[in-house]
Amino acid sequence: MSVDQKVIQKTGRRETILLEVENLRAYYITEQFGVAKEVKAVEGVSLSIEGSNFLAIVGESGCGKTTLARVLYGAVGSSLLVKEGRVRYRFGDQDYELSPTKNTLKDAWWKKISCVPQGSLSALNPVRRLRDIFYDLTTSHGVAFDEEKIKSHLEMVDLPSYVLRAYPFELSGGMRQRVVIALATFLNPAVIIADEPTSALDVVTQKNILQLLSDIQAALGSMIVFITHDISLIPGLANMMAVMYGGCIVEYGLTESVFTNPLHPYTRFLLSSMPVIGDKTERKPIPGSPVSLIDPPEGCRFYPRCSQGKDVCAELRPDLVEVDFQHWVACYLYR
Ligand SMILES: Nc1ncnc2c1ncn2[C@@H]1O[C@H](COP(=O)(O)OP(=O)(O)OP(=O)(O)O)[C@@H](O)[C@H]1O
Ligand SMILES: [Mg+2]
């Protein structure tokens, strides 16, 4: 069987899907008390993922998840600059690329790569009925407006067709999030980047939305990049995961492998902070405070909080190294 046939079987799509990120650095250019500063929000991120995988990116608030999502989507410019590295997608025989000098990802928006941005519950235009919002989406992408097709898509995301007559403010939070997901998936994108799509929702609605993302992945054969600060949402949902700390990916791999054998000291802290029903052992916070992204340490960004650090950790930032099957870690404990 050729490689292409294998990928088609895996994704259920007629095209291959490949996402490659190489040594990506993306910084905000900002000003503090009149002095120009760089916020080093994404530092040396590399990963490669193929086919209809469900990748979760997890890390504490402010570690750079949304910035990475923006760069993966190609929504850079103004204050967010790609300093080095590149993001490359391949869909069948079409390539799209983002680098410091090039951004063709915008050509793929909605049809190939779509995004559910953080805080998107309030992203819908409040003075447009949903029918008009779908009309704008389809006609601006050269797709004929077909109300029946939209209704059946709404059915897939479990929304009644009467929502087309509604204004966004007339819907509950869970319904609005479903609408945003329906819009993001309507043109059958190959990659869907969902940034904290459930963080403003109650736990029951949250579970339903996550199930919906999983169903969409199965139905469309898309790759999902799911961003969350809550590691407990990942098992049973994402088959691959990346742990982010201070703008860097410190551990990456098969979710099962990371959960059963967490390697990076930060991943271990994250996992030990997960609540377990009936477990009364005291949960210990991670010592120290989150790293400054304006003035980060030279070496490993977790070093100032790590109890197992060595001299080399202070000097040189470790790269991700594969230490087990499809399981990479950026830590000198494993060299
Ligand atoms: N427009 C901006 N200008 C300057 N700095 C920014 C900007 N947006 C974010 N930052 C900074 O970049 C860093 C990474 O922010 P980012 O929003 O990517 O984190 P996050 O992991 O998504 O956090 P959260 O879990 O709270 O959403 C933070 O230090 C943040 O303060
Ligand atoms: Mg964020």
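Ser 161 touches Lys 151 and Leu 154, leaving aside residues up to four places away in sequence. This is a predicted model, and in it Ser 161 sits in the loop between helix 4 (147-156) and helix 5 (173-185). With a relative accessibility of 37%, Ser 161 counts as partly exposed. For a sense of distance, take Gly 309: Ser 161 and Gly 309 are 148 residues apart in sequence and 57 Å apart in space, C-alpha to C-alpha.

**Into the core**

Leu 154 leads us inward. Its contacts, not counting residues up to four places away in sequence, are Phe 134, Leu 159, Pro 160, Ser 161, Val 163, Leu 164 and Ala 182. Leu 154 is also one of the residues with the most contacts inside the largest nonpolar core, which has 61 residues. Phe 134, Phe 226, Ile 231, Met 241 and Tyr 266 share that distinction. Another core lies apart from it, with 39 residues, including Val 87, Ile 113, Met 244 and Tyr 252.

Tyr 266 takes us on to helix 8 (265-272), where the buried residues are Pro 265, Tyr 266, Thr 267, Leu 270 and Leu 271. Which elements help to cover the buried residues of helix 8? Among them are strand 3, strand 10 (240-245), strand 11 (248-254) and helix 7 (255-260).

**The magnesium site**

Next comes the magnesium ion (ligand 2), whose protein donors are Thr 66, through OG1, and Gln 118, through OE1, at 1.9 to 2.1 Å from the ion. These two donors come from distant parts of the chain, 52 residues apart: Thr 66 belongs to helix 2 (residues 65-73), while Gln 118 lies in the loop between strand 7 (113-116) and helix 3 (130-140). Are the donors buried or exposed? Thr 66 is partly exposed, at 29% relative accessible area, and Gln 118 is partly exposed as well, at 43%.

**Salt bridges**

The model contains 15 salt bridges. Three of them are set out here.

| Pair | N to O distance |
|---|---|
| Glu 22 and Arg 86 | 3.4 Å |
| Glu 43 and Arg 301 | 2.8 Å |
| Glu 60 and Arg 305 | 3.5 Å |

The Glu 22 and Arg 86 side chains meet in a salt bridge of 3.4 Å. Glu 22 is in strand 1 (residues 17-32) and Arg 86 in strand 4 (residues 80-91), so this bridge joins parts that are 64 residues apart in sequence. Both ends are partly exposed, Glu 22 with a relative accessible area of 38% and Arg 86 with one of 24%.

In the second pair, Arg 301 bridges to Glu 43 at 2.8 Å. Why does this bridge tie together parts that are 258 residues apart in sequence? Because Arg 301 lies in the loop between helix 8 and helix 9 (311-315), whereas Glu 43 lies in strand 2 (residues 35-50). Arg 301 and Glu 43 are both buried.

The third bridge, at 3.5 Å, pairs Glu 60 with Arg 305. Here Glu 60 is in the loop between strand 3 (54-58) and helix 2, and Arg 305 is in the loop between helix 8 and helix 9, so the bridge links parts 245 residues apart in sequence. Arg 305 is buried, at 8% relative accessibility.

Salt bridges also form a network, which links Glu 20, Arg 88, Arg 90 and Asp 95.

**A polar contact in helix 6**

Thr 205 is placed in helix 6 (residues 203-220). Its side chain makes a polar contact of 2.6 Å with the side chain of Asp 202. Thr 205 is buried, because its relative accessibility of 18% falls under the 20% cut-off.

**Two residues with positive phi**

Most residues other than glycine have a negative phi. Ser 78 has a positive one, near 45 degrees. Ser 78 is found in the loop between helix 2 and strand 4, where it is exposed, with a relative accessible area of 74%. Asn 188 also has a positive phi, of about 60 degrees. The loop that holds Asn 188 runs between helix 5 and strand 8 (191-195), and Asn 188 is partly exposed at 37%.

**The annotated domain**

Finally, an unreviewed UniProt entry lists residues 19-271 as "domain: ABC transporter". In the model, this span is 29% helix and 33% strand, and its end C-alpha atoms lie 27 Å apart.

Key:
Residues numbered from 1 in each chain as written. Chains lettered and ligands numbered in written order. Predicted model: local features only at pLDDT ≥ 70, side-chain atom pairs only at ≥ 80, totals over all residues. Heavy atoms only, no water. Donors = N, O, S within 2.8 Å, 3.2 Å for Na, K, Ca; no water. Helix = DSSP H or I, 4+ residues; strand = E, 2+ residues; numbered from the N terminus. Buried < 20%, exposed > 50% of the residue type's maximum accessible area, 1.4 Å probe, protein only. UniProt positions renumbered as here; feature names shortened; annotations may be inferred. Polar contact = N/O pair within 3.5 Å; in protein donor to acceptor, adjacent residues only side chain to side chain. Salt bridge = Lys/Arg side-chain N within 4 Å of Asp/Glu carboxyl O. Core = buried A, V, L, I, M, F, W, Y, C linked by side-chain atoms within 4.5 Å. Contact = heavy atoms within 4.5 Å.
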